[in-house]
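Please work through the following exercises with the sequence and coordinates at hand. Each task is followed by a stepwise solution.

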Amino acid sequence: MNIIVKPYGSELCYCRPDTTWEKESRDLYIPEGVDKVLWAPVVFAKVCKAGKCISGKFVSRYYDAVGFGALAYCNDENIAFSSCMDHTSILPLPLYNPAVLESGENIFNLKVGEKTLRFAADENLGKALEETICKASERVSLRIGDLVALELSPLDTVTERNAGDACINGEFCENHLFDFKVIF
């Protein structure tokens, strides 16, 4: 299983290993050598049908569930190093029917420390996620069970080693998604 990510503002995608997937709300313990933790909120889709070079006309056939989460990055070095640490892809279960991305009434709230971000789950977000699936399938063969994630904002700092621990909380439609600490 791969986690294919389209970074905010980029046209390219990269893959995170499945060891980075955190389905629960376990605290993230940061090892020595990592001085800074960054994050980006994401919307993601679970692939239900294998495909390559998927057309926008048929993309809805290739995923059956969506969710919201966050990706953590260690240090602000190159993407390969900073995105491979275990348990840094916070993509919680259960997932939702893709129809939640149609109305705009459903809200994803993410709180990091004292900062709160809100994202409306609307038609534009659904279209952007489908475009990401198509774009990812141009270079990566999508397999059943893969997760395709779209970052919703630029990377931001969660905390630094000298600043101490931080908390990250997420909710969708007033349902608790995750709540964990980043611990140095």
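The exercises below concern a predicted model and treat a sheet, the cysteines and a helix in turn.

**Exercise 1.** Determine which strands stand at the edges of the five-stranded open sheet.

*Solution.*
1. The strand order is S4-S13-S12-S8-S9, with mixed pairing.
2. Strands S4 (28-29) and S9 (115-122) each have a single partner strand, so one side of each lacks a neighbour in the sheet; these two are the edges.
3. At the S4 edge, two bridges connect S4 with strand S13 (residues 175-183), and the two strands run parallel.
4. Within this pairing, Leu28 has Val182 of S13 as its bridge partner.

**Exercise 2.** Establish how many disulfides the structure contains, and examine Cys13 and Cys84.

*Solution.*
1. A search of the whole structure returns zero disulfides.
2. For Cys13, the nearest cysteine sulfur belongs to Cys15 and lies 8.1 Å away, whereas the criterion requires sulfur atoms within 2.5 Å.
3. For Cys84, the closest cysteine sulfur is that of Cys74, at 9.9 Å, which is too far for a bond.
4. Cys13, at 28% relative accessibility, is partly exposed; Cys84, at 38%, is also partly exposed.

**Exercise 3.** Compare the span of helix H2 with its expected value, and identify what its buried residues pack against.

*Solution.*
1. Helix H2 comprises 17 residues, 123-139.
2. From first to last C-alpha, H2 reaches 26 Å, close to the 24 Å expected at 1.5 Å a residue.
3. Its buried residues include Leu125, Leu129, Ile133 and Cys134.
4. The buried residues of H2 pack against strands S1 (3-6), S5 (36-47), S6 (63-74), S9 and S10 (147-151).

Note on methods
Residues numbered from 1 in each chain as written. Predicted model: local features only at pLDDT ≥ 70, side-chain atom pairs only at ≥ 80, totals over all residues. Heavy atoms only, no water. Pairing = 2+ DSSP bridges. Helix = DSSP H or I, 4+ residues; strand = E, 2+ residues; numbered from the N terminus. Buried < 20%, exposed > 50% of the residue type's maximum accessible area, 1.4 Å probe, protein only. Expected span 1.5 Å × (residues − 1). Contact = heavy atoms within 4.5 Å.
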